[in-house]
Amino acid sequence: MKLLILISIISFVAGESLVLTKDNFDQHVMDPSKNVLVEFYAPWCGHCKNLAPVYEKVAETFKNEPKCIVAKVDADSEKEIGSRFSVSGFPTIKFFSKTNKDGEEYSSGRSEQNFIDFLNEKCGTNRVSGGGIDDKAGRIDAFDTAAETFMKNPDERESLIAQLADTAAGESDPDYKKSGEYYVKVMKKIQEKGNEYVTKELARLQRMLEGHMTSDKRDTMFKRKNVLSVFAEATPSAKEEL
């Protein structure tokens, strides 16, 4: 019996989700720089056991998102935490955004995709099952529009570069700033090397992505590829240029 209980507990501890206790709960969940999804569970709870594999897949998908955390707490053992957030049944799932640390009750579906869609919307991320990113990651709508104008109107290129450089420099969000700076970098490279730079750089990135690299670097390469694709799609064909 003791062995079965131990195995049951281990099944909840193993995986990518962050394990919370009274010693680290506030450190992570109350951090105003983080969005945190928390499952309040009990090791003996049948519904919790059924949810565990799905929840760990979601945690795996978001493990490289430092501001979008998937966590869990054994609220049967950590009764003070459960009481603090009025947990009366298991599993109870709450989302603690950067701006709402009272916790929002999660009431969406409990499939892997339901959780992924919810977190992408709430955290502003672009994750897909397994931890990859979609073709919108790294892109900015306003910069996409500028990229299209840049490729189709050579006379406006210098002014667009200056305008977007100022916009990126004044941005406080680090991810937005980094993406904006990459758009500007691509524009400058095109001015220096011509439109063919886009095709050559896309091919180079694709070769890199076929090799081994850290997950963080892979995310960066995919984001760059997404941005370059905007320029590629907006590049006038030879027929259009005649």
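Helix α9 passes helix α10 in a left-handed crossing (the near helix is turned anticlockwise from the far one by less than a right angle). Helices here are DSSP runs of H or I with at least four residues, and strands are runs of E with at least two, numbered from the N terminus. The model is predicted: local features need pLDDT of at least 70, side-chain atom pairs count only at pLDDT 80 or more, and totals for chains, interfaces and linings use all residues. Residues are numbered from 1 along each chain as its sequence is written, and side-chain values use heavy atoms, leaving out hydrogens and water.

The axes of α9 (residues 196-209) and α10 (residues 215-234), lines fitted to C-alpha atoms over the stretch in contact, lie 10 Å apart at about 155 degrees, on a scale from 0 to 180 degrees between N-to-C directions. The two helices are therefore roughly antiparallel (over 145 degrees). Among the α9 residues in contact (heavy atoms within 4.5 Å) with α10 are Y197, L202 and L209.

Helix α5 (residues 112-123) has its end C-alpha atoms 16 Å apart, which agrees with the span expected for 12 residues at 1.5 Å times one less than that number. Its buried residues (under 20% relative accessible area, 1.4 Å probe, protein chains only) are F115, I116, F118, L119, N120 and C123. Their cover includes β2 (35-41) and α3 (46-61).

Three backbone features are listed below.

| Site | Feature | Value |
|---|---|---|
| G124 | positive phi | about 70 degrees |
| S86 | positive phi | about 55 degrees |
| F90 to P91 | cis peptide bond, omega | near -10 degrees |

S86 is in the loop between α4 and β4, and P91 is also found in the loop between α4 (79-84) and β4.

Methods. Buried means under 20% relative accessible area, exposed over 50%, partly exposed in between (1.4 Å probe, protein chains only). Angles under 35 degrees count as roughly parallel, over 145 as roughly antiparallel, 65 to 115 as roughly perpendicular and the rest as oblique.
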